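Thanks for coming, everyone. Let me put the structure up, and then we can walk through it together.

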Amino acid sequence: MSELNLLVVVGSTRPGRVGPKVAEWFVDAAKAHGGFQVSVADLAEENLPLLDEPHHPRLQNYQNDHTKRWSEKVAAADAIVFVIPEYNYGLGAAFKNALDYLHAEWNYKAASVVSYGGVSAGTRSALQLQSSAYALKLFMVPESVNIPFVHSLIQEGELKPTEIMTTAATNVLNELAKVSAALKPLR
């Protein structure tokens with residue numbers, strides 16, 4: 001069993017979202033990969049209000065239970081995969097809010113993206129994430145999974161991956177295992 005912990009973050013909170021189906025597929029792939037202990041954080045369940053902590057996140061002086069729980073989940077991760085859609089060419093507000101809630105918990109961790117959407121496959125939101133990741137010392141690996149026309153892949157209530165998606169997921173997990181192991185001593 002691996003000693004590396006992978007946190008899969010479901011970044012959409014919108015009713016009717018497909019993010020949980022995409023995340024479920026990726027979690028299954030990650031468990032089959034065997035390189036990580038896998039946990040999931042669904043932002044719809046985290047229910048983080050808009051930045052309601054009185055102190056800057058870099059101080060880690062959290063007052064609210066929801067922030068303390070979120071902090072514990074992210075702090076326990078060695079690697080993170082963000083399952084995110086694209087809203088109006090960018091990141092969704094609930095997802096950006098969840099990033100901004102914390103600071104040190106993101107530092108020196110390997111991360112990647114499983115993005116989804118229409119023709120652009122959510123790639124513009126994945127690119128927009130880069131600048132926030134840089135500020136948080138979150139190391140985004142180049143490998144990612146980008147799923148165009150995601151709704152066409154939902155059959156009988158679950159995501160049916162293409163061969164390209166499956167290969168991309170394996171590449172993401174292989175790279176995250178290498179990079180997260182290398183970054184672990186920095187934490």
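I will start with the whole chain, then go to the strands, and finish with two residues.

One caution before anything else: this is a predicted model.

Now the overall picture. The chain holds six helices and eight strands. Its radius of gyration is 16 Å, close to the 16 Å from the globule rule for 187 residues, so the chain is as compact as a globular protein of that length. Along the principal axes, the C-alpha atoms fill a box of roughly 45 × 35 × 25 Å. Of the 187 residues, 47% are buried. The accessible surface is about 9200 Å². Carbon and sulfur atoms account for 52% of that surface.

How do the elements follow one another? Reading along the sequence, we get β-α-β-α-α-β-α-β-α-β-β-β-β-α. Contacts reach far along the chain, too. Take those between residues at least 6 apart in sequence: 83% of them join residues at least 24 apart.

On to the strands. Begin with E1, residues 5-10. E1 has strand E2, residues 37-42, as a parallel partner, with six bridges between them. One pairing to look for is leucine 6, whose bridge partner in E2 is valine 38. Helix H1, residues 19-33, belongs with these two strands. Together, E1, H1 and E2 form a right-handed β-α-β unit.

E1 also pairs with E3. Those two run parallel as well, joined by five bridges. Here leucine 7 sits opposite isoleucine 80 of E3.

Now stay with E3, residues 79-85. Which strand pairs with E3 over seven bridges? That is E4, residues 109-116, again in the parallel sense. Phenylalanine 82 has valine 113 as its bridge partner in E4. There is a second right-handed β-α-β unit to point out, made by E3, helix H4 and E4. Helix H4 covers residues 93-100.

Is E3 buried or exposed? Seven of its seven residues are buried, so the strand is largely enclosed by the rest of the structure. Both of its faces are covered. On one side are Ala79, Val81, Val83 and Pro85, all buried. On the other are Ile80, Phe82 and Ile84, also buried.

Let us zoom in on valine 113. We have met this residue already, in strand E4. Why does valine 113 count as buried? The cut-off is under 20% relative accessible area. Valine 113 has 4% relative accessibility, so it counts as buried. What does it touch, once we leave aside neighbours within four places in sequence? Valine 113 is in contact with Phe82 and Ile84, and both of those sit on E3's covered faces. The other contacts of valine 113 are Ala126, Leu129, Met140, Ser144 and Val145. For a sense of scale, consider alanine 182. Valine 113 and alanine 182 are 69 residues apart in sequence, and their C-alpha atoms are 19 Å apart in space.

Last stop: asparagine 107. Where is it? Asparagine 107 is in the loop between H4 and E4. Its relative accessible area is 13%, so this loop residue is buried. A polar atom of its side chain lies 2.6 Å from the backbone oxygen of leucine 136. Not counting residues up to four places away in sequence, asparagine 107 touches Leu136, Lys137 and Arg187.

That is the tour. I am happy to take questions.

How values were computed. Residues are numbered from 1 along each chain as its sequence is written. This is a predicted model: local features need pLDDT of at least 70, side-chain atom pairs count only at pLDDT 80 or more; totals for chains, interfaces and linings use all residues. Side-chain values use heavy atoms; hydrogens and water are left out. Buried means under 20% relative accessible area, exposed over 50%, partly exposed in between (1.4 Å probe, protein chains only). Helices (H or I, at least four residues) and strands (E, at least two) are DSSP runs, numbered from the N terminus. Two strands pair if DSSP finds at least two bridges between them. A crossover is right-handed if, with the strands pointing away from the viewer, the path from the first strand over the helix to the second runs clockwise. The radius of gyration is taken over C-alpha atoms; the globule rule is 2.2 Å times the number of residues to the power 0.38. Contact means heavy atoms within 4.5 Å. Accessible areas come from the Shrake-Rupley method with a 1.4 Å probe; for residues, only the protein chains shown count as cover. A polar contact is a pair of N or O atoms within 3.5 Å; within protein, one must be able to donate a hydrogen and the other to accept it, and residues adjacent in sequence count only if both atoms are side-chain atoms.
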